[in-house]
Each structure stands twice: as structure tokens, then as C-alpha cells.
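Let's take a walk through this protein together, with the sequence and the 3D view side by side. Keep both open as you read.

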Amino acid sequence: MSTLTVENLTKEYGDVTAVEDVSFEIEDEFVVLLGESGAGKSTLLRCVNGLTEPTSGGVYLDGEPLEGSQPSVGMIFQQHNLVEGVSAYLNALTGSLERAGFVESLFQWQDREDKRRALEALETVGLLDEAHQRVTQMSGGQQQRVGIARALVQDPSLLLADEPVASLDPSSAETVMGYLKKAATVHQVTALVSLHQVNIAAHFGERFIGLRDGQLLFDVGSDELTGDLIDDLYGDVETVGLADDPVAVDANGESPPVDGDDWRVEA
Ligand SMILES: Nc1ncnc2c1ncn2[C@@H]1O[C@H](COP(=O)(O)OP(=O)(O)OP(=O)(O)O)[C@@H](O)[C@H]1O
């Protein structure tokens, strides 16, 4: 398990401040990043994985500065970014490219260890039986699970996901999130996942970081995520079924339903 430290992070695009002086530290947790469209979630994740250079502030993994793309950071995108026309297995195997570099990987692909790791990752996401199926013949949810497997093959110590289930129907979204959480747990990887579906966030998150207009609005545990906080986060957006009680657990200590309209923010 690793510790991610985000320290006074600011990112400006010309006159637009996408992320403003955000600080937090996460360790051994499955953390959900919440915020409406334009709140700065993608920019924050891109600064953490080195795709975007911060204007000021820093990002550290286990105390070491994270600069540029790092193999220790696995990323799962909304669009799966898979290699079309080849199998789930070969796509999972490309995760080793991130770890070893392209030329080395051409040789390493003969490496039993990488092959074993790819099959193991596909098993983690429940796709071992489909390992040799072409990804273009798979559903959106299955493709995203291949994306998770690919990130695992990279052997990261930090897993980032930017709206990983935004394009999926509620049932597939729940399935994919279940596998994502399992992947983080089994591989003991700290995870930071941006989501806009509050119901799914409440079901899977262990901690919630809310961004509004680029600023950190809240950083709370699952028993502190209230309807009021969600209202603050989404402003005028109507929330359905959110009480003042914590949304992550009900009176019986149960998580709210993932399906169903209750708990969902209506855009
Ligand atoms: N490359 C860029 N150039 C200029 N402005 C940008 C760029 N990327 C993001 N922004 C701006 O920064 C702000 C935050 O955008 P960002 O994409 O990080 O938000 P978000 O919360 O991820 O939104 P969404 O959920 O819609 O992706 C927005 O005002 C956006 O227009």
C-alpha cells in the first residue's frame, strides 16, 4: 500500500483556475472524487498521473515527487483506450509496456511472469474464460474490466480512474465498480476514483473528496457523507432521496441500493 500526498495543488489554464490550492493525503483507501462537471476532477487526476503539469504545488507517492508518467501509477479511463481487434489477454499484457518500456516489453512478452500476471489480472476482473475473446466483441462493461486488468498488469501502487463507469448502464456500472474495488483490495493498491453517480459513489467509497469550482469542499469518511454535503456540492442540481442522514449507510448500517432512482443525482 502507498501514500498519495497532494500538497497545495493549483492548475491554471489561462484565466481559468481548474484546481485551486487542493491538499489531501490518502493511504490504503478506496477514495471517491466527487464534483459536478467542470469542478476540476479530471485535471486533478491528470496532475497526479503526470499527464498535466501543475501550475504550483506538488504530488508525492510515498514521499517521492510524482513527475511525468510513472509505472507506479495505473490509470483507468472512461473510454477504455484498448487495442482494438486483439484479445483481452493481449490488451491486459500491454500493461507491462508501462512498467518496462516498449523495447524491453517486446522481449518481456515472452516472459512467463508477465503472462501469468495478465491471466491473473483477468481472473481478478472475472474474465479468465474470455481471455482470448477480441475486445471489440465484448460489452462496454467487459471492456472496462479489461482496462482494469491492464492497469493491474502494470503492477501499480496507486490506481487512478477518471469516470470509469460514466458510459455504462447502472447494472454494468455496479458490476465494473465491484471489480475495480476488488482489484484494489486484492492487489492492495490505494485508489482514487472520480465518479458523478452519487449512489454508486456512496456504495463503494470508503472516503469522499468533494471538489467545487476547483476547490476542496469536503474530505469525509463514509459515515459523514450527508445529503447536505451533496447539496452543497451540486448546488441547484436536484437530489432525489438524500436525507440529512449520512448517505453511505442507512439506519441499519446497510449501504444504499445502487440501482433505483433514490440516491441518484438528477442532472
Ligand atoms: N486543457 C484545458 N484547457 C483549458 N481549460 C481546461 C482544460 N482542461 C480543463 N479545463 C477547464 O478546467 C475546468 C475543470 O475541468 P475538468 O475537466 O478538470 O473538470 P471535471 O470535474 O473533470 O469535469 P467533467 O466531469 O466534465 O470532466 C473547466 O472549467 C474546464 O473548462
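A strand, as the word is used here, is a DSSP run of E with at least two residues, numbered from the N terminus. Asn-8 is found in one of these, strand S1 (residues 3-13). Before going further, keep in mind that this is a predicted model.

**The overall picture**

The protein chain has nine helices and 12 strands. Of its 267 residues, 42% count as buried. If you take the contacts with a separation of 6 or more, 68% of them come from residues 24 or more positions apart.

**The four-stranded sheet**

Start with the open sheet made by four strands, which line up as S2-S1-S4-S5 with antiparallel pairing. S2 and S5 stand at its edges with a single partner strand each, so one side of each has no neighbour in the sheet. S1 and S2 run antiparallel and are joined by eight bridges. In that pair, Val-6 stands opposite Phe-24 in S2. Helix H1 packs on this sheet and touches S1, S2 and S4, with its direction at about 120° to that of S1.

Is H1 largely enclosed or largely open? Seven of its eight residues are buried, so the rest of the structure largely encloses H1. The buried ones are Lys-41, Ser-42, Thr-43, Leu-44, Leu-45, Cys-47 and Val-48.

**Around the ligand**

H1 turns up again when you look at the ligand. Surrounding the ligand are Tyr-13, Val-16, Ala-18, Gly-35, Ser-37, Gly-38, Ala-39, Gly-40, Lys-41, Ser-42 and Thr-43. Two elements give two or more residues to this shell: strand S2 (16-27) and helix H1 (41-48). Which element gives the most to the shell? That is H1, with three residues. Sorted by character, the shell has four nonpolar residues, six polar ones and one charged one.

**The six-stranded sheet**

Now find the other open sheet, where six strands follow the order S6-S7-S8-S3-S9-S10 and the pairing is mixed. Its edge strands are strand S6 (73-76) and S10, and each pairs on one side only. On average, neighbouring strands of this sheet are turned by 15° against each other, direction ignored.

At the S10 end, you can follow a hairpin. Strand S9 (residues 207-212) and strand S10 (residues 215-221) run antiparallel, with six bridges between them. Arg-207 has Gly-221 in S10 as its bridge partner, and Leu-211 has Leu-216. Two residues lie between the strands of this hairpin. Helix H9 (residues 227-234) lies across strand S3 (30-34), S9 and S10, running at about 160° to S10.

**A helix with plenty of cover**

Helix H7 (residues 170-186) is a nice one to check with a ruler. How far apart are its end C-alpha atoms? They are 24 Å apart, and that agrees with the 24 Å that its 17 residues should span at 1.5 Å a residue. The buried residues in H7 are Ala-173, Glu-174, Thr-175, Val-176, Met-177, Leu-180, Ala-183 and Ala-184. The elements covering them include S3, helix H5 (112-124), helix H6 (140-153), strand S7 (158-162), strand S8 (190-194) and helix H8 (198-204).

**Residues with a positive phi**

Here are some backbone angles to look up in the model.

| Residue | Phi | Where |
|---|---|---|
| Asn-8 | about 45° | strand S1 (residues 3-13) |
| Gly-50 | about 85° | just after H1 |
| Asp-62 | near 50° | loop between strand S4 (56-61) and strand S5 (64-65) |
| Gln-188 | about 50° | just after H7 |
| Asp-213 | near 50° | hairpin of S9 and S10 |

Asn-8 has its positive phi although it is not a glycine, and Asp-62 is likewise a residue other than glycine.

How do these last two sit in the model? A residue counts as exposed with 12 or fewer other C-beta atoms within 10 Å of its own, as buried with 20 or more, and as partly exposed in between. Asn-8 has 12 C-beta neighbours inside 10 Å, so Asn-8 counts as exposed. Asp-62 has 15 other C-beta atoms within 10 Å and is therefore partly exposed.

How values were computed
Residues are numbered from 1 along each chain as its sequence is written. This is a predicted model: local features need pLDDT of at least 70, side-chain atom pairs count only at pLDDT 80 or more; totals for chains, interfaces and linings use all residues. A residue is near a molecule or strand if its C-beta atom, placed from the backbone, lies within 6 Å of it. Ala, Val, Leu, Ile, Met, Phe, Trp, Tyr, Cys and Pro count as nonpolar, Asp, Glu, Lys and Arg as charged, and the others, Gly among them, as polar. Two strands pair if DSSP finds at least two bridges between them. Two residues are in contact if their C-beta atoms, placed from the backbone, lie within 7 Å. Axes are lines fitted to C-alpha atoms, for helices over the stretch in contact, and angles run from 0 to 180 degrees between N-to-C directions. The expected span of a helix is 1.5 Å times one less than its number of residues.
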